Number of protein chains: 2
Amino acid sequence: MPGTVHIVDDDASFRTALERRMRKAGYEVATYASAQQLLDRMPAESGPACILLDVKIPGLSGPDLQQRLAELGSTLPIIFVTGYADVRATVKAIKAGAEDVLTKPIMSEQLLPAVERALAHHQTSRGLKARLDELRARLARLTPRETQVFELVVQGRINKQIAQQLGATERTIKAHRHRVMEKMGVDSLAELVSMAERLDVLRRLSAGNGKAD
Amino acid sequence: MPGTVHIVDDDASFRTALERRMRKAGYEVATYASAQQLLDRMPAESGPACILLDVKIPGLSGPDLQQRLAELGSTLPIIFVTGYADVRATVKAIKAGAEDVLTKPIMSEQLLPAVERALAHHQTSRGLKARLDELRARLARLTPRETQVFELVVQGRINKQIAQQLGATERTIKAHRHRVMEKMGVDSLAELVSMAERLDVLRRLSAGNGKAD
DNA sequence: TCGGACATTGCCCCAAAGGACAATGCCCGA
DNA sequence: TCGGGCATTGTCCTTTGGGGCAATGTCCGA
């Protein structure tokens, strides 16, 4: 799979060596001497990509960068590269959503499959994120009142109940409801509920870990 | 949190030492000299519990047991115990849903929090599993025809369309639909769709990894 | 101050969903 | 062979949902 590999390592020679291997394998490459550098030149997500990230680098550490990226809603899969076997850190990294952890010296038999997996996962998660963002955008277009109606509707309340709860007429609720369906781009209650459910599930996941996006 | 710790290790002295530490910490303990032994005496899931599992044991290995348990739909969190730092295996174990990986000698500062986390997670996942099983059970009570109607209904099709697609009368669909709502224990389309969505999402997760249950 | 976004309602009509009551036909295991 | 589960329909009536058409009132930024 074609894709871009972002290499973050403070050791210039290691960085270059890795870059060569990646280019030879057919990937686009971008290198960074520090985590901050990557954040500054934050790569536009145009295609499948991943990060080869050294754990121990000056300034923001590998795990620090991982956290920052998660906070920024990045979908870039991270493959950690570490000089020594640290089980504690490895567990933590994977739980935080890292794609893999490789120890130096990095064997190609491990590196290449890991990169391929990462790119494939990124492909998938980008798609998911795109769809979710689309839903969120639609949801954001609802007016406050429409949002209230939306929430009650997907909970299964009938117009009469909603009207009573919001202190309005059933006719009014119908009007809001109509606009909600319109703005959300669905034409059946089932689709609306399904959409709400997805937003909800994904919202929960996002709250839990950085792998959500 | 009170709970039971299942210890699997072929080294009797290590097993006993660990058992003592766990009892002292206030947990119920059950020990097994092999993975097979645990499978044979498969613990009934009565309360929060977890497994302290040695990676390298004769017969079924730790990871092997992990896989078997996943296939059996177990929700028991596994904390791996390993003699040496193996990053590859660690990554694989965590990805396969392991709760944690600890290296010997096992420090209490790592062990006790890990066990607590495992028990807490088990508590949660048991709850999720129970709810999911409930849904599955309800779904299983539907007759073939009702299942067909169920699927079309949650897709947002209206009775008329369903009737046409299934080659039946609208009246018939209403009858099936009514029984579906009844058997699934809901009284609004929204709830039915929500239920279907959960079953679907969780089904996907189950297919992906052993952590699903 | 004017136009636009938002919230609200009324009236009317049609389509769809929910249920009550009732009945028919098939198939299968006890 | 009989009872039960399952699938199917009919008729009739009520409740909900969906929309067209139209209008009013508030609030706010240009």
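Is Lys104(A) buried, partly exposed or exposed, and at what relative accessibility? In this predicted model, Lys104(A) counts as partly exposed, because its relative accessibility is 28%, and the first of the close-up views below is centred on this residue and its partner.

**View 1. A salt bridge in chain A joins Asp54(A) and Lys104(A).** The two side chains meet with a distance of 3.0 Å from N to O. The pair links distant parts of the chain, since Asp54(A) belongs to strand β3 (residues 49-54) of chain A, while Lys104(A) sits in the loop between β5 (100-103) and α5 (108-140), 50 residues apart. Asp54(A) has a relative accessibility of 7% and therefore counts as buried, whereas Lys104(A), at 28%, counts as partly exposed. The pair also takes part in a network of salt bridges that links Asp9(A), Asp54(A) and Lys104(A).

**View 2. Within a helix of chain B, Arg23(B) and Glu19(B) form a salt bridge.** The side chains of Arg23(B) and Glu19(B) come together at 2.9 Å, taken from N to O. Both residues lie in helix α1 (residues 12-24) of chain B, and because they are four residues apart there, about one helical turn separates them. Arg23(B) has a relative accessible area of 42%, so this residue is partly exposed.

**View 3. Glu146(B) and Lys183(B) form a salt bridge between two helices of chain B.** The closest N and O atoms of this pair are 2.8 Å apart. Because Glu146(B) lies in helix α6 (residues 144-154) and Lys183(B) in helix α8 (residues 170-184), the salt bridge ties together parts of chain B that are 37 residues apart in sequence. Glu146(B) counts as buried, with a relative accessibility of 2%, while Lys183(B), with 24%, counts as partly exposed. The three pairs shown in these views are among the 22 salt bridges that the structure holds over all chains.

**View 4. Chain A, the setting of the first view, has nine helices and five strands.** Along the sequence these elements follow the pattern β-α-β-α-β-α-β-α-β-α-α-α-α-α. Chain A is more spread out than a compact globule, because its radius of gyration of 22 Å is well over the 17 Å that the globule rule gives for 213 residues. Taken along the principal axes, the C-alpha atoms of chain A fill a box of roughly 70 × 35 × 30 Å. Of the 213 residues of chain A, 44% count as buried, and the mean positions of its 31 positive and 26 negative charges are 5 Å apart.

How values were computed. Residues are numbered from 1 along each chain as its sequence is written. Chains are lettered from A and ligands numbered from 1 in the order in which they are written. This is a predicted model: local features need pLDDT of at least 70, side-chain atom pairs count only at pLDDT 80 or more; totals for chains, interfaces and linings use all residues. Side-chain values use heavy atoms; hydrogens and water are left out. A salt bridge is a side-chain nitrogen of Lys or Arg within 4 Å of a carboxyl oxygen of Asp or Glu. Buried means under 20% relative accessible area, exposed over 50%, partly exposed in between (1.4 Å probe, protein chains only). The radius of gyration is taken over C-alpha atoms; the globule rule is 2.2 Å times the number of residues to the power 0.38. Lys and Arg count as positive and Asp and Glu as negative; His and the chain ends are not counted. The place of a charge is taken as NZ of Lys, CZ of Arg, CG of Asp or CD of Glu.
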